[in-house]
Amino acid sequence: MSRTQIEQWVKKAVWSQPVSDPHTHTCPPVFGASPNPEGLLLWGVDELVTYHYLIAEVFRAVPATKLPYEQYWAMSKTEQADHIWKHLFVERTPIGEACRGVLTALERLGLDPNEKSLTKYRKWFAKQTPDKYIDKVMQIANVDLITMTNPVFDDQERGIWERQPKAGGDPRFAAVLRIDPLLRDWPGACANLSSWGYEARPDFSGKTVDEVRRFLVHWLDKMRAVYVATSLPPEFRYPDPRNPAGDRFIRECLMPVLAEKGKPWAMMIGARLRVNPGLREGGDATGIADVMSVINLCHDFPRSKFMVTMLARENQHELAAAGRKFGNLLPFGCWWFLNNPSLVEEITRMRLELLGTMFVPQHADARVLDQLIYKWEHSRRVIAKVLVDKYVDLTLSGYTVTAKHVQRDVALLLRDNYREFLGR
Ligand code: HDL
Ligand code: ZN
C-alpha cells in the first residue's frame, strides 16, 4: 500500500468524521449570550480576540507597568479587543497558536483574516444570531456533540438551571456536573451546601455523607450530566494523609454515587490557579501532577470510570502507561498549554504506540463557541499526520491496511471511544 493512498484515506476519514467533543466551556443560548455581559455563551470576534490565552499574551507585548491590569479590565470589551488586535495581530506577526487560531476561525467563516481593524468582522457578526450560528459553527467544525462544563457552585450557572426548565434540553449539548470546590475547598463547599438546604459539615458529622450524596444525585439528575468533572491542583493526592476530608469525600460520597449512576469522573489535574491574579482566568499555570494517585483510584474503585487529562507535558508518558494497566481509565485530550501542534503530535504519537486506538486524542476546551472551528481543524491536521505514519509503519510489518480500518479507527478516536465510555 502506498503512502499516498494511505494519506488519501486518512485525510478523508479524519475530515469527514464528526467529532463528539468531550470538554468545552460553551453552551446553548438559553444560558444567555454575549454581548450581554451576563451571557454564558461567548461567541463572535470580540470574544475570540479577548480569549484569556490572548490576554496573557498581550500583557507580554504591553506589560502591566505600561497598562496596569485594572486599567485593562476597566476597558469595554471592544476596547480590549482593539488593544489585543493592534498589539498581537497588526504590530506583531500572529504566529503563536492562540493568535493563529483566531485567523483560522475567521478565514473558515469566509472572512479575510488580514484586516487591520475589527470593524468589518463586527459588522459580519452583528448579522448572525446565536442559535443559528451554533449550527453553522458545528457544521464547519464538523462536531456532532458539544460537551459543556456546568459549575454548580457558580451562582449564575446554578441560577440558570434552577430557573430554566430547558437548560439541558438542547440536543447539540451534553451537560457536565463540575464540582471543583468539593475537592479544592471542602469547608467552603460544605458552607454552600448548608445554605442550599443540605446538612453538610466539614467534620463529616451527622448526615454529611448522605446529604452530600443527595446533592450529587440531585444535580446529576437535574442536569442529565454525562459525567462529573473536577480540575485539580498538581498537589492532588489519593490517598492523602494531609487531606482526610478529600479522601472521605471521594471514597464515601463521589465513588458510590458515580458507581450507582454508571458515570465517569473526569479528573483534570495540574492546574495551578491564579499565579498571576491580575490576569484573572489567564493567570493560571501548570505543574507536574501525581499519576500514582490516579492509579490508586483506578485500582481501589474498579467499578468506577476515570477520564483523565493532565496539564504537564512531563506527566503524559506515565499517564499513558497507567492507561495500559486499567480499563477503567480513559486518557483524554491535550489540555490547554498542551494544545499546540508540536505537543499534540508528540502526545498523540505516543498514545497510539502505547494504547492503540483506545484513548480520546483531543477536546477543544473552547471558551468561545467559534474556537471549535480552529481547535478542531488544527488538531485534525496533526492527528491525520500521525495516523499516516502509523499506518505506513503497519504496512512495513506486512499488514494490509484498508480504507475500512482507517474509518473505523478514526470514528473511535474522534467520537466513539468517548461515547462508549459514557455508556451512550
Ligand atoms: O478548568 C478548565 O476546564 C480549564 O480548561 C480552564 O477553564 C482554563 O481556563 C482553560 O480554558 N483552558 O483551556
Ligand atoms: Zn476547560
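A polar contact is a pair of N or O atoms within 3.5 Å. With that in mind, the surroundings of ligand 1 make a good place to begin in this predicted model. A polar side-chain atom of Trp335 lies 3.0 Å from an oxygen atom of the ligand. His23 also takes part, with a side-chain N or O atom 3.2 Å from a ligand oxygen, and for Arg178 the corresponding distance to an oxygen atom of ligand 1 is 2.6 Å. Of the 320 Å² of accessible area that ligand 1 has on its own, the protein covers 95%.

The shell around the ligand draws on several parts of the chain. Besides His23, Arg178 and Trp335, the residues around ligand 1 include His25, His52, Tyr53, Trp336, Asp365 and Arg367. By character, the shell divides into four nonpolar, four polar and three charged residues.

Turning to the fold, three strands form an open sheet with parallel pairing, in the order β1-β2-β4. The edges are taken by β1 (19-21) and β4 (173-174); each has a single partner strand, so one side of each is left without a neighbour in the sheet. Between β1 and β2 (residues 143-147), the parallel pairing runs over three bridges, and Val19 stands opposite Val143 in β2.

Two helices can then be added to this picture. Helix α8 (residues 130-141) packs on the sheet and touches β2 and β4, its direction making about 115° with that of β2. Helix α18 (residues 403-422) packs on the sheet as well, touching β1 and β2, and its direction makes about 50° with that of β1.

Terms used:
Residues numbered from 1 in each chain as written. Chains lettered and ligands numbered in written order. Predicted model: local features only at pLDDT ≥ 70, side-chain atom pairs only at ≥ 80, totals over all residues. Heavy atoms only, no water. Near = heavy atom within 4 Å. Polar contact = N/O pair within 3.5 Å; in protein donor to acceptor, adjacent residues only side chain to side chain. Areas by Shrake-Rupley, 256 points an atom, 1.4 Å probe, with all protein chains shown as cover. Nonpolar A, V, L, I, M, F, W, Y, C, P; charged D, E, K, R; others polar. Pairing = 2+ DSSP bridges. Helix = DSSP H or I, 4+ residues; strand = E, 2+ residues; numbered from the N terminus. Contact = heavy atoms within 4.5 Å. Axes fitted to C-alpha atoms, helices over the stretch in contact; angles between N-to-C directions.
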